[in-house]
Amino acid sequence: ARQASTSILEVALDNQAACRLYQNNHYNIVAERPNYYRRPNGQCITALIMFEHCNRLKFHKGAVFNSA
């Protein structure tokens with residue numbers, strides 16, 4: 001198994017459950033992409049770019065395993 005050093009993701013600003021989940025798992029907001037997502041009703045939503053320094057994630061044959 002090989003260890004990753006960082007993990008970057010994006011999440012819709014209005015997806016409160018996902019934002020909370022990522023922040024509770026040590027992801028930090030590092031940037032925003034305004035109007036990145038478009039809802040079916042035409043509403044534009046900002047994407048949050050989140051970053052984590054991964055000491056806990058191990059990658060093995062394309063899968064991610066949490067070693068914590």
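This is a short chat about a predicted model and what its atoms show.

Me: How much confidence does the protein average in pLDDT?
Reply: The model is predicted. The protein averages a pLDDT of 82. Of the residues, 72% score at least 70.

Me: And where is the pLDDT below 50?
Reply: Over residues 63–68. Beyond near neighbours in sequence, that stretch still has 14 contacts in the model.

Me: How should I read coordinates where pLDDT is low?
Reply: Not in detail, where the predicted coordinates come with low pLDDT.

Me: OK, the inside. Which residues make up the largest nonpolar core?
Reply: Seven residues: L9, V11, A18, C19, Y27, L48 and M50.

Me: Which elements each supply at least two residues of this core?
Reply: Three are listed: β2 (6–12), α1 (16–24) and β4 (44–53). So strands and a helix both feed the core.

Me: What do nonpolar side chains tend to do in general?
Reply: In soluble globular proteins they tend to be buried together.

Me: Take M50. What is M50 in contact with, leaving aside its neighbours within four places in sequence?
Reply: The list is S7, I8, L9, V11, C19, Y22, Q23, Y27, N28 and I29. Among them, L9, V11, C19 and Y27 belong to the core with M50.

Me: S7 is on that list. Where is the place of S7?
Reply: In strand β2.

Me: Is S7 buried or exposed?
Reply: S7 is buried, at a relative accessible area of 15%. The cut-off for buried is under 20%, so S7 qualifies.

Me: What joins the side chains of S7 and Y27?
Reply: A polar contact of 2.9 Å. Y27 is also one of the core residues.

Me: Switching to cysteines. How many disulfides does the structure hold?
Reply: Zero.

Me: Is C19 buried or exposed?
Reply: C19 is buried, with a relative accessible area of 10%. C44 counts as partly exposed, at 28% relative accessibility.

Me: Now charges. How many salt bridges does the structure hold?
Reply: Two. One pairs E10 with R33, the closest N and O atoms being 2.6 Å apart. E10 sits in strand β2 and R33 in strand β3, 23 residues apart.

Me: What about the bridge that R39 forms?
Reply: R39 pairs with D14. The closest N and O atoms there are 2.6 Å apart. R39 lies in the loop between β3 and β4, and D14 in the loop between β2 and α1, so the pair ties together parts that are 25 residues apart in sequence.

Me: How accessible are R39 and D14?
Reply: R39 counts as partly exposed, at 26% relative accessibility. D14 is partly exposed too, at 40%. In the other bridge, E10 is partly exposed at 31%, and R33 is partly exposed at 37%.

Me: When can side chains of opposite charge pair?
Reply: When their charged atoms come close.

Me: Last topic, the backbone. What is the phi of H26?
Reply: Positive, about 75°, although H26 is not a glycine. H26 lies in the loop between α1 and β3 (28–38). H26 counts as exposed, at 52% relative accessibility.

Me: And the phi of N35, what is that?
Reply: Positive, about 55°, and N35 is not a glycine. N35 is found in strand β3. At 53% relative accessibility, N35 counts as exposed.

Me: What phi do most residues other than glycine have?
Reply: A negative one.

Technical notes: Residues are numbered from 1 along each chain as its sequence is written. This is a predicted model: local features need pLDDT of at least 70, side-chain atom pairs count only at pLDDT 80 or more; totals for chains, interfaces and linings use all residues. Side-chain values use heavy atoms; hydrogens and water are left out. A disulfide is a pair of cysteine sulfur atoms within 2.5 Å. Buried means under 20% relative accessible area, exposed over 50%, partly exposed in between (1.4 Å probe, protein chains only). A nonpolar core is a set of buried Ala, Val, Leu, Ile, Met, Phe, Trp, Tyr and Cys residues joined through side-chain atoms within 4.5 Å. Helices (H or I, at least four residues) and strands (E, at least two) are DSSP runs, numbered from the N terminus. Contact means heavy atoms within 4.5 Å. A polar contact is a pair of N or O atoms within 3.5 Å; within protein, one must be able to donate a hydrogen and the other to accept it, and residues adjacent in sequence count only if both atoms are side-chain atoms. pLDDT is the predictor's confidence in each residue, from 0 to 100. A salt bridge is a side-chain nitrogen of Lys or Arg within 4 Å of a carboxyl oxygen of Asp or Glu.
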